[in-house]
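Dear colleague,

I am handing over the structure below, and after it you will find my notes on what was found. Please read them beside the coordinates.

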Amino acid sequence: MILERIEFKNFKRYSDETINFNDGITGIIGNNGSGKSTIVQGILFALYGVRAGIEGDFINSSGSNSKDKCSVSLDFQKDGNNYTITRWYRKTPSTTQHEAQLKINDVLLADGVSQVETEIERIVGMAASDFKNTIYAGQKDLSSLLDDSPAERQKWFMKMLGIDFLKKEADARIKTLVDECRTSMAGLGSYLEEKEKENLPEKIDAAAAEMKQAEGNLNLIFNKIKELEGDETELKKKADYLSEKWKEYRELEKDIDLLREANRQKSEYRSAFGKKLAEYEKMLPEFEKPSASEKNYPVVKSKYNEYKEKEKAHLKISSLIENLEYKLNSEKSGLDEINEKIESLSVDKKWHDEIHPEILKRNKLIEEYDRLKKCEDEFRRLENGRIKFREQLKHYTKQAESLRNEIESAEERLKEIGYSGELDSKIEELEDGEKKLAGESIKLTESVKTLDREKKKLSKELDEIIALGEDGECPTCKRRLGDQYRILEDSLKAGIESNENESAELKSKILGIKADHEKALHELDRLKSVRRESLGIISVLEANKKKRQELYLKVEETIGNESKLNEEIVRMSFSDSAIRELERSIKSLDGIFFEYRDIEIRLKDEQSLSSRKADTEGKISDISQKIEDEKKKLSELRFDPEKYRAVEIAFEEAEALHQRYLELKPKIDQIPSLKDEIGKLEEEMNLNSKKFTTTEATLKSMEISEEIVKSALSDVEECRKKISGKKIEAAGLESNIRHLREDLERLEKETADINERKKRYSELQERMVVFEKTRGLMKEYIVYLLNVIRAKIEGEVGQVLSEITGGRYENVLIDENFDILVNDLGENFPARRFSGGEQDDIAIALRIALSRYLADMHHMNGGTFMIFDEIFGSQDEERRSNLISALRTQESHFPQIFLISHIGDIQGEFSTSLLVKIKDDWSSEVIEVSD
């Protein structure tokens with residue numbers, strides 16, 4: 001798994017930062033708190049989110065807006081595929097928003113936190129904690145591997161390998177199961193002890209005996225109920241027979257009542273019909289006169305209708321003649337008014353012709369006034385424009401004067417500072433010399449550092465030799481020093497002295513070079529200062545000259561524009577006095593104008609009046625003719641009012657007789673039918689009297705009464721009450737039996753439950769034994785597992801240490817107490833026996849071997865990256881250099897190794913360095929520096 005690129009937005013200290021990762025060893029260098037370790041957190045957050053152990057409350061950058069989301073995007077390679085994982089996160093006091101997306105070769109693979117988590121664990125092959133243990137070595141990891149006690153070292157290994165998690169989880173699970181068993185057994189024990197005191201078998205026997213006796217009593221009651229139900233059936237049959245007979249008796253009584261009522265109604269109808277017949281027979285003499293007159297009624301009515309139509313026509317024509325005469329008089333009045341108006345218009349026409357010239361004069365004055373008013377706005381605009389151009393000319397003149405003064409001052413300043421065209425060539429010459437001096441100084445300084453390191457190494461070796469003395473053991477060959485002691489001591493002292501002399505000579509040269517370098521820098525700074533000031537003055541000078549030329553052009557343009565405006569104003573011949581004079585003249589003619597306008601309005605009606613006169617005369621002629629025509633029709637009608645009145649009286653008498661005929665005729669026609677109806681009623685009444693006599697005789701022969709029926713029904717009800725009482729008694733016994741049966745079932749069920757609980761208690765006792773055995777086996781398994789893994793890690797550590805030391809040390813033993821032993825010349829020695837640099841090699845080999853083991857265990861093939869966070873501690877420069885060299889041997893297994901450190905001196909040790917700095921706004925930035 002190879003990292004390629006990570007991008008932060010509002011993530012912790014980073015507001016907007018992109019970091020590219022290279023192969024090889026990369027140093028991540030910066031002051032404490034600058035954000036170095038945040039890069040590691042960002043990688044873990046991108047892959048595993050908050051499950052990587054990052055607190056959600058502190059993910060968003062403190063400088064970001066509360067509405068802004070944090071986002072982290074990581075590009076990496078795995079098994080030949082390119083992956084991009086992006087997470088967005090924002091947390092407020094009330095909500096948490098977490099989104100994630102994973103792409104493979106630019107194609108969406110998973111969307112959503114859950115899907116992405118599943119895919120990442122599948123691709124990487126491990127969960128967050130295992131991944132972190134594999135790729136990340138935290139602060140003091142290396143020193144604690146050797147400095148801690150064996151017990152602490154064992155705990156560290158168990159934690160990193162996940163065995164500690166397994167042990168804790170197993171112990172916790174077994175403890176939970178044991179506690180659950182004990183709790184259950186305690187409850188069961190108390191329950192069984194209480195139940196023993198209740199003596200359930202005796203209760204079961206007593207309930208069974210009581211239920212048997214109740215069932216015997218219930219059978220006796222059921223037999224009695226059966227006997228009573230037989231009696232009830234017989235009594236009910238008798239009661240039903242008597243009820244039916246009584247019902248038949250009551251129906252016959254109703255029939256007698258109906259016959260009696262029918263004869264009464266028929267008698268009333270016969271009486272009413274007789275009265276109506278007598279009344280209609282009395283009307284026969286009166287009916288003779290209307291009947292005789294009815295034959296002549298149509299002739300009289302026809303004659304009356306004929307005279308009635310003539311009367312309507314007479315009235316209509318008379319009314320029309322009256323209306324026409326009214327219209328004729330109205331039209332004649334209108335004609336008189338029109339003639340008067342026509343005579344008045346001849347006077348108006350004469351006066352109209354006399355004042356017409358004054359009206360033409362007024363119109364010309366108004367035209368001139370309108371022309372001047374239209375020009376007024378344009379005149380005001382042109383006048384304002386002329387004033388504006390004059391103000392602009394004053395402003396441009398003032399600006400030109402100011403620019404002339406600035407140009408003269410700038411030219412004087414250039415002379416004062418000694419500016420010339422050769423300034424750039426002098427600066428280039430000084431820069432070349434300064435670079436050469438700086439290069440020489442750096443080379444000599446590096447030489448001094450190398451001499452100082454050699455001196456430290458020689459001094460250390462000298463101290464070790466002096467400490468050992470002549471009787472001491474040689475650190476290399478393990479033999480007694482003896483005579484070699486003085487030789488080694490003199491040789492080391494001579495080397496130190498020679499080193500010091502050479503270093504002093506080089507430092508003297510460095511001081512001389514630095515003095516020359518300081519002089520060159522001072523002169524270079526002075527010349528650059530002159531150039532900077534000169535360039536600024538020249539830039540301003542050229543800009544001012546250009547502005548002055550632009551002003552000259554603007555002045556010429558403004559003068560030309562003002563001249564054009566003056567010409568236009570002259571052409572307009574506009575003045576305020578001319579407008580006032582025209583207004584006075586027009587106002588003096590307003591009276592004649594209004595009079596002239598009124599006459600013209602009246603004259604427009606002249607033609608209309610002539611037309612109206614002709615129309616009115618025509619109407620008068622037409623109306624007169626219509627009056628004559630209607631009078632002629634009235635004469636031809638020959639209507640006689642007296643004759644009409646005689647016909648009307650004769651019709652009224654005939655109409656009265658006709659109405660009486662219509663009133664009497666229906667009644668006279670009913671006399672035959674009334675006689676027939678009275679005969680039918682008398683016949684039906686005789687028939688009903690015979691039926692009444694027969695039914696009455698039947699009733700007397702039935703011998704039944706309401707008391708006999710009530711007595712039979714009472715016997716049935718009494719029997720039913722006895723049956724109901726017995727059933728209630730049986731129900732009570734059944735309820736008692738049911739309760740006894742329920743009690744018996746409950747007691748039997750409770751007994752079965754007690755037996756089941758006894759069985760459960762016995763099983764729990766067996767489980768407790770199993771759990772205790774499991775606890776012991778788990779402890780043994782963890783020891784076994786730790787020994788197996790320890791053996792595998794020993795081989796891995798030996799291989800890594802061999803790679804680091806070039807084969808010098810290749811066998812490492814981790815004993816049962818987790819002491820680290822390294823084989824040297826066939827003998828195992830504890831790690832503390834070796835020098836500081838060798839101990840560093842052993843520690844780094846242990847940590848890398850663990851990561852290689854974890855990677856292999858999770859099938860992370862093809863290499864991955866590894867991060868070491870502040871592993872140098874307080875080591876000197878030599879040990880730091882040795883550690884970096886040791887790490888370089890592992891690039892085949894870990895193509896990318898990242899070293900996080902606050903020590904700036906190690907920057908030059910890496911092919912790539914990422915410098916982490918805090919900006920002015922307190923956010924962090926990363927600057928890539930390549931060697």
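Strand E13 (residues 896-901) is mostly covered, in that six of its six residues are buried, where buried means under 20% relative accessible area, exposed over 50% and partly exposed in between, with a 1.4 Å probe and protein chains only. Gln896, Phe898 and Ile900 point one way from E13, while Ile897, Leu899 and Ser901 point the other way, and all are buried. In a regular strand the side chains alternate between the two faces of the sheet. The names of helices (H or I, at least four residues) and strands (E, at least two) refer to DSSP runs, numbered from the N terminus.

This is a predicted model, in which local features need pLDDT of at least 70 and side-chain atom pairs count only at pLDDT 80 or more, whereas totals for chains, interfaces and linings use all residues. Residues are numbered from 1 along each chain as its sequence is written, and side-chain values use heavy atoms, with hydrogens and water left out.

E13 pairs in the parallel sense with strand E3 (residues 24-30) over six bridges, and also in the parallel sense with strand E12 (residues 865-869) over five bridges; two strands are said to pair if DSSP finds at least two bridges between them. Ile28 has Ile900 of E13 as its bridge partner, and Phe865 stands opposite Gln896 in E13.

A further sheet is open and antiparallel, its six strands following the order E2-E1-E4-E5-E6-E7. Strand E2 (14-20) and strand E7 (107-111) stand at the edges with a single partner strand each, so one side of each is left without a neighbour in the sheet. On average, neighbouring strands of this sheet are turned by 15° against each other, direction ignored; axes are lines fitted to C-alpha atoms, for helices over the stretch in contact, and angles run from 0 to 180 degrees between N-to-C directions. Within the sheet, strand E4 (residues 70-78) and strand E5 (residues 81-91) run antiparallel and are joined by nine bridges, with Gln77 opposite Asn82 in E5.

Two helices pack on this sheet. Helix H1 (residues 36-48) touches strand E1 (2-11), E2, E4 and E5, and its direction makes about 100° with that of E1, contact meaning heavy atoms within 4.5 Å. Helix H2 (residues 113-124) touches E4, E5, strand E6 (96-104) and E7, and its direction makes about 45° with that of E6.

Two loop residues deserve a look. Most residues other than glycine have a negative phi. Asp79, in the loop between E4 and E5, has a positive phi of about 55° although it is not a glycine, and at 59% relative accessibility Asp79 counts as exposed. Asp106, in the loop between E6 and E7, likewise has a positive phi, of about 65°, and counts as exposed at 73% relative accessibility.

Finally, helix H7 (residues 200-282) and helix H16 (residues 671-701) pack at an angle of about 160°, with their axes 9 Å apart. That makes H7 roughly antiparallel to H16, given that angles under 35 degrees count as roughly parallel, over 145 as roughly antiparallel, 65 to 115 as roughly perpendicular and the rest as oblique.

With regards
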